[in-house]
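Q: Hi! I'm new to reading structures, and I'd like a friendly tour of this one.

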Amino acid sequence: MSDIKIYNEHDLEKMRKACSLAKRVLDFIGNHVSEGITTSQLDTLCHNFITTHNAIPATLNYKGFPKSICTSVNNVICHGIPCEYKLRAGDIINIDVTVALDGWYGDTSRTFMVGKCTKLARNLVEIAEKAMHVGIDAVKPYGYFSDIGNAIQNFVDEFGFSIVRDYCGHGIGDVFHSAPSVAHYKTSEKSQQILPGMFFTVEPMINAGSYKSKVLNDGWTAVTIDKSLSAQFEHTIAVTERGVEILTT
Ligand code: MF3
Ligand code: CO
Ligand code: CO
């Protein structure tokens, strides 16, 4: 039985607004990513942008998370905490923004490159973005959630990169995280059906080395166990009878 919420057209209109704001935060902060800026400065800039647009940064105090965005640099997979670290040329940084606007959530992330990056880093970032789109392209009304991970893994395997298994996409809407858990890797078990009215994220995390992750002592920062680079892109999408709407573009 599906415990996945089905939303209506009025809800979709609310989501379009929240997700469009989250996207604009990423556009804005992308212009500030450069050598020498600290991740905590990026956090403050986003915090102010979000609050002046009458929204709330959803990660702030979420289950105790202390900041308004997640900043995940190099070997950090996700949930990096903004701090006094100064970005250096050659770094890759995922910035993950979630806003709550009028009680509706928009969640999106991109990985940015700082200055000149290695060929490996550039390739990983490119494949991570494509992997997200391959996953989204696999979403069809009346299809299955497992189609997403199957498509992403078929795509990513060829490049010798790996897909993180410990973190997944998620339902979203008038709550930040809800059912289903959206796997980005191949699964064999029969999964739930994708239906019109569902809102969820597709956010594959792709590693240059092993897929294995661990969480640092701060209780949040997820890193690759082999210290290899990790890149991620995320969109919030809506499924309609007509197909799929990417809300965070
Ligand atoms: N935005 C993240 C996601 O894609 C979740 C961040 S939760 C936090 O689901 F607490 F780490 F901020
Ligand atoms: Co998400
Ligand atoms: Co996110």
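**Metal sites and helix pairs**

Q: Asp-96 and Glu-234, buried or exposed?
A: Both Asp-96 and Glu-234 are buried (under 20% relative accessible area, against over 50% for exposed and in between for partly exposed, with a 1.4 Å probe and protein chains only). For Glu-234, the relative accessible area is 0%.

Q: Anything I should know before we go on?
A: This is a predicted model, where local features need pLDDT of at least 70, side-chain atom pairs need 80 or more, and totals for chains, interfaces and linings use all residues. Residues count from 1 along each chain, chains are lettered from A and ligands numbered from 1 as written, and side-chain values use heavy atoms, without hydrogens or water.

Q: OK, what coordinates the cobalt ion (ligand 3)?
A: Asp-96 (OD) twice, Asp-107 (OD) and Glu-234 (OE), at 2.1 to 2.3 Å. Donors are N, O and S atoms within 2.8 Å of the metal (3.2 Å for Na, K and Ca), and water is not among the atoms, so sites may look incomplete.

Q: How are those donors of the cobalt ion (ligand 3) spaced along the chain?
A: The pattern is D-x10-D-x126-E. Asp-96 sits in strand 4 (residues 92-101), while Glu-234 is in the loop between strand 13 (230-232) and strand 14 (235-240), so this pair ties together parts that are 138 residues apart in sequence. Strands (E, at least two residues) and helices (H or I, at least four) are DSSP runs, numbered from the N terminus.

Q: And the cobalt ion (ligand 2), what holds that?
A: There the coordinating atoms come from Asp-107 (OD), His-170 (NE2), Glu-203 (OE) and Glu-234 (OE), at 2.0 to 2.3 Å. Along the sequence, the spacing is D-x62-H-x32-E-x30-E. Asp-107 belongs to strand 5 (residues 104-113) and Glu-234 to the loop between strand 13 and strand 14, so they tie together parts 127 residues apart in sequence.

Q: Which residue coordinates both cobalt ions, ligand 3 and ligand 2?
A: Asp-107 coordinates both, and the two ions are 3.3 Å apart. Asp-107 is buried too, with a relative accessible area of 3%.

Q: New topic: how do helix 1 and helix 2 cross?
A: The axes of helix 1 (residues 9-30) and helix 2 (residues 39-52) come within 10 Å and cross at roughly 140 degrees. Axes are lines fitted to C-alpha atoms, for helices over the stretch in contact, with angles from 0 to 180 degrees between N-to-C directions. Leu-21, Arg-24, Val-25, Phe-28 and Ile-29 of helix 1 make the contact with Leu-42, Leu-45, Cys-46, Phe-49 and Ile-50 of helix 2. Contact means heavy atoms within 4.5 Å.

Q: What about Ile-50, buried or exposed?
A: Ile-50 counts as buried, at 0% relative accessibility. Beyond neighbours within four places in sequence, Ile-50 is in contact with Val-25, Ala-55, Ile-56, Pro-57, Val-97 and Val-99.

Q: And how far apart are Ile-50 and Lys-130?
A: They are 80 residues apart in sequence and 28 Å apart in space, C-alpha to C-alpha.

Q: Lys-130 is in which helix contact?
A: Lys-130 is one of the helix 3 residues touching helix 4, along with Ile-127, Ala-131, Val-134 and Gly-135. On the helix 4 side are Ile-148, Ala-151, Ile-152, Phe-155 and Val-156. The axes of helix 3 (residues 119-137) and helix 4 (residues 146-157) come within 8 Å, crossing at roughly 145 degrees.

Q: Last one: where is Thr-71?
A: In strand 2 (residues 70-73). Thr-71 is buried, with a relative accessible area of 5%. Leaving aside neighbours within four places in sequence, its contacts include Thr-39, Gly-80 and Asn-94.
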